Each structure stands twice: as C-alpha cells, then as structure tokens.
Amino acid sequence: MLKLKSRKLYVFRQRAIKKEINVAPDDSIKIKRPRIVSSGSTGVSRPSREEAESAVRTLIRWLGDTPEREGLLDTPKRVVKAYEEMFRGYSEDPSEVLQRTFEESDNYSDMVLLRNIRLESVCEHHMLPIIGKAHIAYVPDGRVVGISKLARTMETFAKRLQIQEKLTSEIANAINVSLKPKGVAVVIDAVHECMTTRGVHKSGVGMVTKILLGCFKDDTQLRNDFMSSIGKNHY
Ligand SMILES: [Zn+2]
C-alpha cells in the first residue's frame, strides 16, 4: 500500500517523518510488563462489559443518534467485541512470546529478517487505526527464535493504544532483551488514519520510525544490507 506511485508521492515520502530513537544500552533495558487491565497488581479496576457497552451507547447519543433504533441495537456489543480483538495485546506478555529460543548449532550468524509484516495498531491520541508494515531483523549470537515469534512480538505491542515511536522501540527492546542478539533493527512505515481521515486530511503520508541496536548501529555495511533488503535505501 505504500509503494511509490508517483513523483509527487515520492516527494511526500522523502519528507516523511524520520525518527531514530535512542534507547538505553542492553543491560539497562527492562521489558515493561503489559498493563493488565484488571483489579490486580496494577490496581486498575476494569469496568464490566455492560459498563463498556453503556459507554458506547453514550457516545452514540452524543453523536446525535438513537442507540435504541434497530440498526444500532447490537452496535455496543459489536464495538466492545471489536475492541477486545483490537486491544488483545494488554493480556499478552511479550517476554513469554519470546521465551522459547533455540541454540543455533550450525553457527548461523548472518541477519535474520522478517519483512513486510502487516501492522495494525491504534493511535493513543485519537483511537484511530495505524496501518502499515513492519520489518524486523536481528543477527543471532548463538540463539535464534521461531520466525513467527517476531511477528507475534510485534502484535503484542501493536494491539494496544500506541504511538509509533514507542511501538518501534518496544519491539526492538523486547527482542534485544530476550534473545540477546548481536543486533536488532526494526523499521515501521505506517499511515495514521488520524492524519488521513480527519485533521489535516493528508493521504499518502507515511511515517517512518527506525530503531537500530548493536551491530546494526555500528556496521554500515550490515545496515545498508538491511535497508536494501526491505527496499528502503532512502530511509
Ligand atoms: Zn492520532
């Protein structure tokens, strides 16, 4: 969806926001436990399903519509169910996802790259979708992880209220801490619907965030290999 379709779009993309976020060195990184939204250790008390549905009815009334009309009768139920799916990351623990790592007996030491992972998240400022692609790479230091686990790690963080910068660093840090690789690289290229469907109404503007840790930061050749492998030499 983010292919360069025209010169105009290309220029837009060239101007896309580029952010490189500095993260703490390995030993000071702690994976934040997911916020368990329940009346447990966090002390956050979770409203009941009925209360959540009632909140949706309040919003419908605030819009100027009637929650009691036929077409809207089951909407609160559907919205709460949809939210359950969209925000399932709150009940998942990324360190558990990455718990099973494997000793790499043949000493594979090149880059492992999972590219073009469909990303669906929700911006925490407007609760509107963030849609795009993620590219996740690491260079193993003796241990590897099932490749689907990289995508699942991304999902765990994406299925929460997010900002793209935080999402990018959370994914990189989780892999870095669990796998202790020689390096991790995460690039996210996404469109924020709060920018395209409201506010400034700028379609086609992609936001790019990038985190490079360890050897991806230090080794220019490796970094270039990674960038050209994801087809993003201009980032
Ligand atoms: Zn937003």
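**Exercises on strand pairing in a predicted model**

Strands 3 (residues 112-123) and 4 are antiparallel and are joined by nine bridges. The structure is a predicted model.

**Exercise 1.** Determine which strands pair with strand 7, and in which sense.

*Solution.*
Step 1. Take strand 4 (residues 129-139): ten bridges connect it to strand 7 in the antiparallel sense. Within this pairing, Val-186 of strand 7 lies opposite Ile-136.
Step 2. Take strand 8 (residues 207-214): it runs antiparallel to strand 7, with eight bridges between them. Here Gly-214 of strand 8 is the bridge partner of Gly-183.

**Exercise 2.** Establish whether the faces of strand 7 are buried or exposed.

*Solution.*
Step 1. Apply the criterion that a buried residue has 20 or more other C-beta atoms within 10 Å of its own.
Step 2. On one side, Gly-183, Ala-185, Val-187, Asp-189 and Val-191 are buried.
Step 3. On the other side, Val-184, Val-186, Ile-188, Ala-190 and His-192 are buried as well, and both faces are therefore covered.
Step 4. Ten of the ten residues in strand 7 (residues 183-192) are buried, so the strand is largely enclosed by the rest of the structure.

**Exercise 3.** Describe the connection between strand 3 and strand 4, and identify the pairing of strand 3 with strand 6.

*Solution.*
Step 1. Strands 3 and 4 form a hairpin, with five residues between them. In the turn, Met-127 has a positive phi of about 55°.
Step 2. Across this pair, Ala-134 of strand 4 is opposite Ile-117.
Step 3. With strand 6 (residues 161-162), strand 3 pairs in the parallel sense over two bridges; Leu-161 of strand 6 stands opposite Val-122.

Terms used: Residues are numbered from 1 along each chain as its sequence is written. This is a predicted model: local features need pLDDT of at least 70, side-chain atom pairs count only at pLDDT 80 or more; totals for chains, interfaces and linings use all residues. A residue is buried if 20 or more other C-beta atoms lie within 10 Å of its own, exposed if 12 or fewer, and partly exposed in between; C-beta atoms are placed from the backbone. Two strands pair if DSSP finds at least two bridges between them.
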